[in-house]
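This report describes a structural model with a bound ligand. Please have the sequence and the coordinates at hand while reading.

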Amino acid sequence: MEFNTPFYQYHPNWLEESITQAANGSRRNRIQIRYALKANHNPLVLSHIQKAGFGIDAVSGPEVAHALDHGFSPDQINLAGAGKTRSEIRFALEKNIHYLNVESLQEIHRIQEIASELYTTARICLRVNPDIDAQTHPHISTGQKGHKFGIEESDLKRAFQLIKASSRVHWLGYHFHVGSQILNIKVFEDLCHVVNQIQQKYTALGWTPSILNLGGGLGIDYHVPHAQADFQSYFNIINKNLIRQGAEVHVEPGRSLVAGACSLVSEVQYTKLSGGKNIAILDAGMNHLMRPALYGAYHHIEKLGRQNLEILPFDIHGPICESSDCFGRDRDLPKLEPGDLLEIHHAGAYGETMASAYNLRAGIPLKTVDRVVVA
Ligand SMILES: *Cc1c(COP(=O)(O)O)cnc(C)c1O
């Protein structure tokens, strides 16, 4: 074999296609894209995003720095996060990024203090918790009562009072992000209705937004190899349901833009039977792709090379010393042997960026190979 495993196999054609779909849909509906950098920050991926003219949604100071280092201009970047430290806020203000999405009343105080110290003005949007069920996995649902994200609607009045009293804080609009891997497009329609209610209520009090940021969350069908997200329905439903009052509309897709841009390619190390089950153990693990272990996420797994073998159900495990280090159970695959290569699809979003060095296993490269050729 010509490659050392495991590695992320890069699919630039998939990425070009998703970016084109997203760019066309957003342009037609006059919506701006701020790509959620946390989904995949690989420079190869970012170069495509940057060429498309998309901005960046950052959720930490280092992500802001990474975006700046990779050619994005400050006015293309916004910063969210429920736990922004003083130094992250200072950095964002010093770099003069477009705006911060503020997630608590205390954060307004903190931003006012730091902006005063820097003799500058901070542009902010208020991240509102719209209390909407994203109908996705609880671990990636972010917009319901009791969640740590955003400001409760009942606190908005207080937030506007604080902003009014803060001479160094300039309010631009609202930010929402209700969750990830949202496949029921109706969720975005419901979100638009909540956004409309909120903005109408406060516009009547003199607070007219110039930015409406609806966050990310558009899902992808992980059961279909190489599937693309449905950007067209997504942008149409926003355009149809959102009242704009002349405001710019921003969205922050992450997963939907990059999920299929990489697969994880790994070699079977051992096979065995345990309790009557066929077990295969790979050289890739949850340290490289954590989603299955973290939230039971499904990734399609394909055997590369010879297919004309007996089909058997296999449990596909990584080498990490945790039983949750399992990429899939009871997957029907051509009979596996040590040395076989498997492709784990749609590993481009929240794969490499969530990788860890657990068990002191190192990270792996992103390889630009067109096709993995197996003898
Ligand atoms: C994670 C995140 C996103 C991107 O979510 P996807 O489901 O990957 O589209 C967008 N905005 C914010 C604030 C986020 O935290």
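The sections below treat the ligand site, the aromatic pairs and two backbone features.

## Ligand site

The model is predicted. The ligand occupies the largest pocket. Around the ligand there are 15 residues, of which K38, S180, E252, R255 and Y350 come nearest. Sorted by class, this shell comprises 5 charged, 6 polar and 4 nonpolar residues.

Three polar contacts can be described atom by atom. In the side chain of K38, an N or O atom is 2.7 Å from an oxygen atom of the ligand. The side chain of E252 has an N or O atom 2.7 Å from a nitrogen atom of the ligand. At G217 the backbone takes this part, with an N or O atom 2.8 Å from an oxygen atom of the ligand. On its own, the ligand has 390 Å² of accessible area, and the protein covers 95% of that area.

## Aromatic pairs

There are 10 aromatic pairs in the structure. A pair of aromatic rings is described by two quantities, the distance of the centres and the angle of the planes. For W171 and W207 the centres are 5.6 Å apart and the planes form an angle of 80 degrees, an edge-to-face arrangement.

W171 belongs to strand β8 (residues 169–175), whereas W207 is in the loop between α7 (186–203) and β9 (211–213); the pair therefore ties together parts that are 36 residues apart in sequence.

## Backbone features

Most peptide bonds are trans, and most residues other than glycine have a negative phi. Two places in this model depart from these patterns.

The peptide bond joining T5 and P6 is cis, with omega at about -10 degrees. P6 is located in the segment before β1 (7–10).

R30, although not a glycine, has a positive phi of about 50 degrees. The loop between α1 (12–28) and β2 (32–36) contains R30.

Note on methods
Residues numbered from 1 in each chain as written. Predicted model: local features only at pLDDT ≥ 70, side-chain atom pairs only at ≥ 80, totals over all residues. Heavy atoms only, no water. Near = heavy atom within 4 Å. Polar contact = N/O pair within 3.5 Å; in protein donor to acceptor, adjacent residues only side chain to side chain. Areas by Shrake-Rupley, 256 points an atom, 1.4 Å probe, with all protein chains shown as cover. 1 Å grid on protein atoms, 1.4 Å probe; cavity = no way out; pocket = protein on both sides within 12 Å on 5 of 7 lines; lining within 4 Å. Sits in = over half its atoms within 2 Å of the grid points. Nonpolar A, V, L, I, M, F, W, Y, C, P; charged D, E, K, R; others polar. Phe/Tyr/Trp six-rings, centres within 6.5 Å; stacked < 30°, edge-to-face > 60°. Helix = DSSP H or I, 4+ residues; strand = E, 2+ residues; numbered from the N terminus.
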